[in-house]
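Here's a quick briefing to read alongside the coordinates. Have the viewer open and follow the topics in turn.

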Amino acid sequence: MKTDALLLGQDLRLTLGSRDLAGPAPGQATVRVAWAGVCGSDLHVLSTGAWVAYWPATLGHEVVGVVQECPGGEVAAGTTVVVDSRLPCGHCDGCLVAASLCQQMSWLGEAVPGGFARHLVVPVTSLVPCPEGLEAAIAVLAEPLAVAMHAVSRLSRPPRAALLLGYGPVGALAHAELGRRWPALPIFVQEPAPERLQLALALGAGPEPAAEARFDLVVDAAGYPQSLAHACTRAANGGTVLIVALSAHPVAVVPAEMVERTLTIAGSVGFDNELHEAVQVLAADPDRYRPLVSEAVLLEEAPGRLASLASTPSAGKVVVRPWQE
Amino acid sequence: MAGVTEQAAQRLAHVPAYSPGRPSPGPMAGKLSSNEAPLGPSPAVRTALAAASGTVNRYPDQGRALAALATYLDMPTEQVILTNGSDELCYLVATVFLGPGRAAVVGQPCYQIDATASVLSGATVRAVPLRAGGHDLEAMAKACIGASVAWLPSPHNPTGVACHPLELEHFVAQVPEDCLVVLDEAYRAFADAELRPDIGRLLQRHPNVLVQRTLSKDWALAGLRTGYGLASRPLVQLLSRARPPFSVNSLALAAIEAGVASEQWRAMSVARVRQERARLEDALTMLEIEHFPSQANFVTARLDLDGFGPALAAGGIVVRSGADLGLPGWARISIGWAPQMAVLRSTLYSRLGAGATTDPGRTET
């Protein structure tokens, strides 16, 4: 079948067009996209072409939609589903422990056509049904929320005070998850973009603390060249630096400082079983997450907005929707 | 003598029934028919409301909330009156200033409660047609001669058009001193900064001005029915005397107390509304759909809902028919959450066959 889709060419030109979708074969389903979220990694791909395994590419791995066709009948047509973004190889040593540790992990959109389209075809094992009543525009946050939940689960004990470096969607979802697990936890935010800082403050974060303040949890959701070094500086002795931003900048660290201050540096990518939980969490308190979706564009409006998103970021998550047929 | 039903019917013969905005056919976020706040109240207000539920066995004491609000507004407490929604103030004004043999001035079309309260009091209503969706202030000033009240929403409902503060000042100066000007600022927060009048100065210069505000819009407390008025000390004192006791409930008072500290939430929410309003107005302009330039949290456009209504409903969205608001052939679209506004634009584009805002050139694979 043909479907309308955003197409990223190897020349990094993003256009609206149509693409052929194979299938669905047995074990697959065709999903009519309701919303697809824009991730920071999408912006990285748009500007570099990194990680793409096929051209032209259709990105978008934060997807919610409605099952349109499922030849095997595993999921009923008409079911609203969140799509699992992960495509682990399933047989490496990492996969034997957990999917998030796959040594050859690939992702929806980068390896196969993703959700910036009217339809996509995915394995039925990638479908997570949404609870009755959960708005699709809230459910679109399930994938990045699962990422935030997985990251927070890396903590070995409840923090007493937390500092978030960066308040893009990942930082905002980390804030939401920390607040959900530990409602009394003081959370502070360091974020240069006024709209994002305003969102953080509106959602109850403390203003940027004094430079000498230290925290037993510092989340690096910024990923600027020295953010990890800064995060280590802001961590209290015995504290944890949790890295969720994808930064490729080398950073000098002093091992003795890690040792003498008993610091833990924890990285986290993707998720394991959290996607199912994230859907339930969103359904239980959707209004908590509603402000995190700050902008919605139609597929046909998307090329223009995605091109400007890196220079003029939205306060929160930008979501894309195919226009009405 | 006529029976009670006949008596009531006779008395209310010219009072139109109020039709609230219809509920959404889908999730509540699709209700774009009542100018409500899409993101709701701040987390702090929600927490305060939960805590206050344990005190509803007591009569409300408005002292702390009134003081907190006055401090927030930088006004003396004695110049602030809390009301059960801003609509209660309409009825208070009508009770105190209107009645048989008196006249009230409104724009045409007007905010319906202004007319309803006026007619209920027994007063006559002088309707001055709007010009391009805004008040015809020259004509209104003339109509105010011999009238007791001028109702002046700015930004206006149902058009969203705001008076310029200089024109407003000029208007108030022209109105006779024995005519009360009720400046309804329900939508003030959504207006451009230069279109928000200096209320302190206005009240100082003109003791016949009463400013009316609601906490239903940017404060997101529509369900709690809370509003307030700002006026001279003697006027507030007199209006308070006419107000029913305890008309503002204890949950609303708790929400006010917590709400004054939720400025960041309101600023964020208002910024979102203004962003979506601009995006909708751009789309309407591109589609050559006539609309009033709005300074409120809605946009009123010439749209035939017989055609668009079912298409919007299919997307889970309902808007307000202009026929309910004195603008047949128009629709008042409340600014909602970004996803609903995208669905609405999508419906507009599809119905009008206009594609969308860009023409990137289609590519085939």
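Before we get to sheets, one term: two strands pair if DSSP finds at least two bridges between them. With that in hand, take strand 10 (residues 318-321) and strand 11 (residues 331-334) of chain B, which run antiparallel and are joined by two bridges. Keep in mind that this is a predicted model.

**The sheet in chain B**

- Strands 10 and 11 belong to an open sheet of four strands in chain B, ordered 1-10-11-9, and the pairing is mixed.
- At the edges you'll find strand 1 (31-32) and strand 9 (298-301) of chain B, each pairing on one side only.
- If you want a spot to click on, Ser321(B) has Ala331(B) in strand 11 of chain B as its bridge partner.
- There's a helix on this sheet too: helix 11 (residues 263-286) of chain B packs on it and touches strand 9 and strand 11 of chain B. The direction of helix 11 makes about 15 degrees with that of strand 9 of chain B.

**The five-stranded sheet in chain A**

- Chain A has an open sheet of five strands with parallel pairing, in the order 11-10-12-13-14.
- Why is one side of strand 11 (187-190) and of strand 14 (264-267) of chain A left without a neighbour in the sheet? Both stand at the edges and each has a single partner strand, so there is nothing in the sheet on the other side.
- On average, neighbouring strands in this sheet are turned by 20 degrees against each other, direction ignored.
- Zooming in on one pair, strand 13 (residues 235-243) and strand 14 of chain A run parallel and are joined by four bridges.
- Leu242(A) is a handy marker here, as it stands opposite Ala266(A) in strand 14 of chain A.

**Where chain A meets chain B**

- The contact involves 37 residues of chain A and 36 residues of chain B.
- The area buried between the two chains is about 3100 Å², and carbon and sulfur atoms give 53% of it.
- How many salt bridges are there between chain A and chain B? The count is three.
- Glu295(A) forms a salt bridge with Arg279(B), with the closest N and O atoms 3.0 Å apart.
- Eight residue pairs are in polar contact across the interface of chain A and chain B, both residues being at pLDDT 80 or more.
- On the chain A side, the elements giving two or more residues are strand 1 (2-8), strand 2 (14-20), helix 3 (136-139), helix 6 (194-202), strand 15 (293-298) and helix 11 (302-309) of chain A.
- The residues on that side of chain A split into 18 nonpolar, six polar and 13 charged.

**Salt bridges over the whole structure**

- Searching all chains turns up 30 salt bridges.
- One to look at is Arg181(A) with Glu177(A), where the closest N and O atoms are 2.5 Å apart.
- Both Arg181(A) and Glu177(A) sit in helix 5 (residues 169-181) of chain A, four residues apart, or about one turn of the helix.

**Backbone spots to check**

- As background, most peptide bonds are trans, and most residues other than glycine have a negative phi.
- The peptide bond from Trp55(A) to Pro56(A) is cis, with omega near -15 degrees. Pro56(A) is in the loop between helix 1 (40-48) and strand 4 (62-69) of chain A.
- Chain B has a cis bond from Gln108(B) to Pro109(B), with omega near 5 degrees. Look for Pro109(B) in the loop between strand 3 (103-108) and helix 5 (112-121) of chain B.
- Leu12(A) isn't glycine, yet its phi is positive, near 65 degrees. You'll find Leu12(A) in the loop between strand 1 and strand 2 of chain A.

Definitions and conventions: Residues are numbered from 1 along each chain as its sequence is written. Chains are lettered from A and ligands numbered from 1 in the order in which they are written. This is a predicted model: local features need pLDDT of at least 70, side-chain atom pairs count only at pLDDT 80 or more; totals for chains, interfaces and linings use all residues. Side-chain values use heavy atoms; hydrogens and water are left out. Axes are lines fitted to C-alpha atoms, for helices over the stretch in contact, and angles run from 0 to 180 degrees between N-to-C directions. Contact means heavy atoms within 4.5 Å. Buried area is the accessible area (1.4 Å probe) that two parts lose on being put together, summed over both. A salt bridge is a side-chain nitrogen of Lys or Arg within 4 Å of a carboxyl oxygen of Asp or Glu. A polar contact is a pair of N or O atoms within 3.5 Å; within protein, one must be able to donate a hydrogen and the other to accept it, and residues adjacent in sequence count only if both atoms are side-chain atoms. Ala, Val, Leu, Ile, Met, Phe, Trp, Tyr, Cys and Pro count as nonpolar, Asp, Glu, Lys and Arg as charged, and the others, Gly among them, as polar.
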